[in-house]
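Here is a short set of exercises to work through with the coordinates open beside you. Try each task before you read its solution.

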Amino acid sequence: MTHSRVQPDAHPAVLPAFRTLLERTDWTSLATACGTGESLPAALTRLTDPDPTVRESAARDALGAVTHQNSIYQATVPVALCVAAVLDHPAIATDRSPADGTTPRNAPTLVRLLDWLGDTARDADDECVALGERHFGADFLDEYEEMRAFRNARPALFSAVHPLLGHDDPDVRHAALVAAVPLVEHPLLTGHRADMAGHARRLLATSTDRRHRDRALEALEAWGHDTSSLEDASDIAAREHYARLRAARASSEGGYSEDPPF
């Protein structure tokens, strides 16, 4: 495992303004999956463009370069902080799913950004750290400073995600819950789990989204809740399917069923 060295940074729970983050970050010095972050400020700025097509293109340009193959790069943390800082921007906050329940061609910008934050947080969660330590030794997190920096930034990211747990659009509040689950592993945030458990139960009572249901059930189980009464037939079928996949993979790989983190 090889990672470029970065200075660890303990981010405060209060998130700086987007413009402050953009202007005070030395983007050209930060590594991405395909070079440096010099093009990121322009892409991040376009995330708040009034045109949803422009925002969609900006999200691809800004997010793809800093989370390639589930890795955390030097530029990942400042991009994540900028994303969190624009979640309440009017152009993003008013972009929502159709009221008639139809599926849009592309997810609203707010949902897409929350999905990205949640996926990236999962790439730096406690399970990934434990897996890294098993494969690379106890100093895994000391050597992988990019991941450590992201984990330090979780309180600041959560401060932007948390208000969206009560959003009136169910797509937004469910995406916010899924994003918040790995963030509240941070020691300063564990007190939010009781409230989030309530949100998870409400999600399970209404949502049919497989990914959202899986994340909600996983979270409740990890927090010590009995989920047997919350599962429906699809959850049981999915759990059994996942178990068969793990067993088949372990059998085909001679009992080895874990991949080291990137």
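**Exercise 1. An arginine and its partners**

With which side chain does the side chain of Arg-213 make a polar contact of 3.5 Å? Find this partner in the predicted model, then describe the surroundings of Arg-213.

*Solution.*

Step 1. The partner is Asp-232, whose side chain makes the 3.5 Å polar contact with that of Arg-213. A second polar contact, of 2.7 Å, joins the side chains of Arg-213 and Asp-235.

Step 2. Test the first pair for a salt bridge. The cut-off is 4 Å between a side-chain nitrogen of Lys or Arg and a carboxyl oxygen of Asp or Glu. The closest N and O atoms of Arg-213 and Asp-232 are 3.5 Å apart, and the two residues form a salt bridge. The pair links distant parts of the chain: Arg-213 sits in helix 13, while Asp-232 is in the loop between helix 13 and helix 14 (233-252), 19 residues apart.

Step 3. Compare the burial of the two ends. Arg-213 has a relative accessible area of 2%, so it is buried. Asp-232 is at 31% and therefore counts as partly exposed.

Step 4. Widen the view. Leaving aside neighbours within four places in sequence, Arg-213 is in contact with Leu-203, Leu-204, Ser-207, Thr-208, Leu-230, Asp-232, Ser-234 and Asp-235. Salt bridges also link Arg-210, Arg-213, Asp-214, Asp-232 and Asp-235 in a network.

**Exercise 2. Counting and placing salt bridges**

How many salt bridges does the count come to? Which parts of the chain does the pair of Arg-211 and Asp-119 link?

*Solution.*

Step 1. Recall the principle: side chains of opposite charge can pair when their charged atoms come close.

Step 2. The count comes to 13 salt bridges.

Step 3. Take Arg-211 and Asp-119, which form a salt bridge with their closest N and O atoms 2.9 Å apart. This pair links distant parts of the chain, with Arg-211 in helix 13 (residues 210-222) and Asp-119 in helix 6 (residues 109-122), 92 residues apart.

Step 4. Check accessibility at each end. Arg-211 is at 25% and counts as partly exposed; Asp-119, at 34%, is partly exposed.

Step 5. Add another example. Arg-239 forms a salt bridge with Glu-231, and their closest N and O atoms are 2.8 Å apart. Arg-239 is partly exposed, with a relative accessibility of 41%.

**Exercise 3. Helix 6 and a threonine beside it**

How many of the 14 residues of helix 6 are buried? Which side chain makes a polar contact with the side chain of Thr-67?

*Solution.*

Step 1. Start with the span. From its first C-alpha to its last, helix 6 reaches 20 Å, close to the 20 Å expected at 1.5 Å a residue.

Step 2. Now the burial. In helix 6, 10 of the 14 residues are buried, so the helix is largely enclosed by the rest of the structure. Among them are Leu-113, Leu-114, Trp-116 and Leu-117.

Step 3. Find the packing partners. The buried residues of helix 6 pack against helix 3, helix 4, helix 5 (90-93), helix 9 (145-152), helix 10 (154-161) and helix 11 (170-183).

Step 4. Turn to Thr-67, which is placed in the loop between helix 3 (52-64) and helix 4 (76-85). Its relative accessibility is 17%, and the cut-off for buried is under 20%, so Thr-67 counts as buried. The side chain of Thr-67 makes a polar contact of 3.2 Å with the side chain of Trp-116. Beyond its neighbours within four places in sequence, Thr-67 is in contact with Tyr-73, Thr-76, Trp-116 and Thr-120.

**Exercise 4. Aromatic pairs and the nonpolar core**

How many aromatic pairs does a search of the whole structure find? How many residues are in the largest nonpolar core?

*Solution.*

Step 1. The search finds 2 aromatic pairs. In one, the rings of Phe-136 and Phe-140 have centres 6.0 Å apart and planes at 15°, so the pair is stacked. The other joins Phe-140 and Tyr-144 edge-to-face, at 5.6 Å centre to centre and 85° between the planes.

Step 2. Combine them: ring pairs link Phe-136, Phe-140 and Tyr-144 into a cluster. Phe-136 is partly exposed at 32%, whereas Phe-140 and Tyr-144 are buried.

Step 3. The largest nonpolar core has 73 residues, and Met-196 is one of those that touch the most other members. Leaving aside neighbours within four places in sequence, Met-196 is in contact with residues including Phe-158, Leu-165, Val-184 and Trp-223.

Notes: Residues numbered from 1 in each chain as written. Predicted model: local features only at pLDDT ≥ 70, side-chain atom pairs only at ≥ 80, totals over all residues. Heavy atoms only, no water. Helix = DSSP H or I, 4+ residues; strand = E, 2+ residues; numbered from the N terminus. Buried < 20%, exposed > 50% of the residue type's maximum accessible area, 1.4 Å probe, protein only. Core = buried A, V, L, I, M, F, W, Y, C linked by side-chain atoms within 4.5 Å. Contact = heavy atoms within 4.5 Å. Phe/Tyr/Trp six-rings, centres within 6.5 Å; stacked < 30°, edge-to-face > 60°. Polar contact = N/O pair within 3.5 Å; in protein donor to acceptor, adjacent residues only side chain to side chain. Expected span 1.5 Å × (residues − 1).
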